[in-house]
Every structure is written in structure tokens, then in C-alpha cells.
Amino acid sequence: MGTMSQSSPHLGLALGGGSVLGLAHVGALQALVENSIQPDILSGTSAGALAATLYAFDVPVETIMEEAYSLDWLRLAQPTLSARGLLTNERIESIIRKYVGDRKIEDASVPLLITATDISRGVPVVLDHGDVALAVRASCSIPGVFRPVEIEGRLLVDGGVTDNVPIRPLLDRHAAHIVAIDVLSHRYRPNANPQNIFDVLNNTYFIMIQRAMRTHADQAEVLIEPDLSHFSSADFRKHRDIVQAGYEETNKHMDQIRALSVRKQPWWRQWSI
């Protein structure tokens with residue numbers, strides 16, 4: 001399909017950021033696939049951008065789940081000599097290239113919007129064209145932790161800094177109905193007893209994005225908020241449980257989502273014989 005059609009999309013799906021907790025999106029996508037729900041447009045921030053991209057490029061949800069179960073910090077982060085970040089997340093870029101190749105955002109089978117933050121100007125940036133793997137990496141670049149990514153002359157970091165649940169890009173594209181998944185809604189408090197550097201870095205991240213949480217959330221007709229407060233945001237050991245929590249919470253809203261996904265015919269067609 002590639003480029004977006006001229007007509008407004010019917011059902012939009014926004015996947016929010018949340019580090020390890022973003023694995024819940026994989027379970028949510030599984031629930032949608034099992035119920036034959038196909039979004040017409042996707043937006044994603046950080047971990048949500050990673051999940052949305054794999055889905056938008058037709059990677060089977062079973063494959064996405066297998067990849068999710070294999071993730072850990074050693075696979076995702078490497079030390080860097082850059083003065084702009086402690087680590088580099090180039091391996092996130094490599095995950096996208098593994099399944100998608102060197103393709104562009106506009107090549108996605110489902111129209112895709114990836115949210116990042118221009119760290120020089122402090123504004124959100126919606127990426128809808130260009131190298132998709134690089135865009136996802138930018139959206140996942142926690143400032144101060146991961147090295148920023150330069151795209152088209154802009155220095156970009158994690159989209160969660162300015163728009164952690166990217167509903168606004170879907171509204172701007174005039175999506176008729178919006179379903180949003182917020183994996184941080186039950187996790188406003190940082191880890192009370194950080195055990196390692198990743199706990200400390202993730203606490204910094206969550207404190208930083210609290211102001212960006214729930215932006216425009218009331219404009220989503222279905223807001224899915226799995227309770228992940230009992231999981232560590234930096235611990236991949238519970239990834240199967242996090243995926244399952246996203247799956248179960250999404251299924252609780254399935255009747256609402258199914259109703260939104262139905263395209264209503266114009267009144268004159270409803271009367272046709």
C-alpha cells in the first residue's frame with residue numbers, strides 16, 4: 001500500500017511508550033489479530049513505535065512475540081564514547097532492519113506515524129517518511145541515556161518526552177475512531193528501590209515524561225490501560241507476563257473496538273435492496 005490514501009482513515013491505533021512495559025503492546029496486537037481487527041493507521045512512541053512498525057510492515061504477531069521474549073538490555077544497549085549519551089541503541093535499529101530491511105516509513109502496508117522529540121527545540125516530531133529503522137531508533141532514544149539520532153538536520157530523542165501516547169498525530173490525520181494503549185497509566189511512581197543502573201535510568205525516564213503522559217487521552221474512544229504497576233520497567237525477566245497483561249486488558253475492550261471497526265454504510269445504501 002505504501003503511501004497514505006487521500007480519504008481519512010477509519011480506525012487509528014496509538015501505542016504509547018514505556019520501556020520494558022511496552023511489551024504489553026505485543027499482547028494487545030495479538031488480541032486484535034485474533035479478533036480480525038485491522039487498524040487503518042498506526043502511531044507509536046518509543047517501545048510503541050517498535051511494535052507498531054513491525055506490525056505495519058506485516059511481520060506476523062507470532063514473530064513479534066518471539067522477538068519480544070528474546071529481548072534483554074545486553075541485546076538493546078551498548079556503551080558509546082559519545083558525549084551526548086551513555087549508551088547507543090543501534091541494536092533497536094538492527095531489529096527493524098532484520099525484519100523490515102532498509103525500507104521507508106511510507107512503504108508500510110498500514111500507514112505509520114512515528115513520534116520523536118526535537119531535543120534542540122523541545123517539540124514533538126512526527127516522522128511519516130524516510131528510513132523506518134532510523135526513525136524507530138530515534139523514537140526510542142531516552143535522552144541522556146541513549147545517543148540522540150540526527151534525521152534531516154534535527155537531533156531527535158525519545159518521543160515520550162513530548163507525547164508519550166501519540167493520539168495527536170492520528171487526530172491530525174482525521175482518523176474517524178481512535179484506540180489508544182497507555183502502558184504507564186498505572187505507573188506514575190518510580191521504582192522505590194532501584195537495584196541497578198537500568199532501574200535508575202528508567203526512573204529518570206518515567207519522572208521526565210510524566211508531564212507528557214495522557215496528552216489528548218480523553219480524545220481516544222477506547223483507552224486501554226493494562227495495570228503493569230507490579231512489574232519493573234527495566235526488568236525483561238517478566239516479559240511473558242507483561243505481554244499477557246496487554247493481551248487480557250485488550251480483550252476486555254474488544255466489544256468496543258469491534259464496534260468502532262465496523263464501517264457504516266451511507267444511509268442511502270442501507271436502504272438499497
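**View A. The surroundings of Leu156 in the predicted model.** Skip the neighbours within four places in sequence, and Leu156 still touches Ala116, Thr117, Asp118, Val125, Leu127, Ala138, Ser141, Pro148, Val149 and Ile151. Leu156 itself sits in strand 9, which covers residues 154-158. Its relative accessibility comes out at 0%, and since anything under 20% counts as buried, Leu156 gets that label. One contact to pick out is Ala138: 18 residues separate Ala138 and Leu156 in sequence, yet their C-alpha atoms are 5.7 Å apart.

**View B. The hairpin of strand 5 and strand 6.** Here strand 5 (residues 112-118) and strand 6 (residues 123-127) run antiparallel, with five bridges holding the pair together. Thr117 has Pro124 of strand 6 as its bridge partner. Four residues lie between the two strands, and in the turn Gly122 shows a positive phi of about 70°. Some of this hairpin turns up in View A too: Thr117 is one of the residues in contact with Leu156.

**View C. Helix 1 crossing helix 2.** For a packed helix pair, the usual description is the angle between the axes plus the distance between them. In this close-up, helix 1 (residues 24-34) and helix 2 (residues 47-56) have axes that come within 10 Å and cross at roughly 35°. The crossing is right-handed. On the helix 1 side, the contact is made by His25, Leu29 and Val33; facing them from helix 2 are Ala47, Gly48, Ala51 and Tyr55. Sort these residues by class and you get five nonpolar, two polar and no charged ones.

Definitions and conventions: Residues are numbered from 1 along each chain as its sequence is written. This is a predicted model: local features need pLDDT of at least 70, side-chain atom pairs count only at pLDDT 80 or more; totals for chains, interfaces and linings use all residues. Side-chain values use heavy atoms; hydrogens and water are left out. Two strands pair if DSSP finds at least two bridges between them. Axes are lines fitted to C-alpha atoms, for helices over the stretch in contact, and angles run from 0 to 180 degrees between N-to-C directions. A crossing is left-handed if the near helix is turned anticlockwise from the far one by less than a right angle, and right-handed if clockwise. Contact means heavy atoms within 4.5 Å. Ala, Val, Leu, Ile, Met, Phe, Trp, Tyr, Cys and Pro count as nonpolar, Asp, Glu, Lys and Arg as charged, and the others, Gly among them, as polar. Buried means under 20% relative accessible area, exposed over 50%, partly exposed in between (1.4 Å probe, protein chains only).
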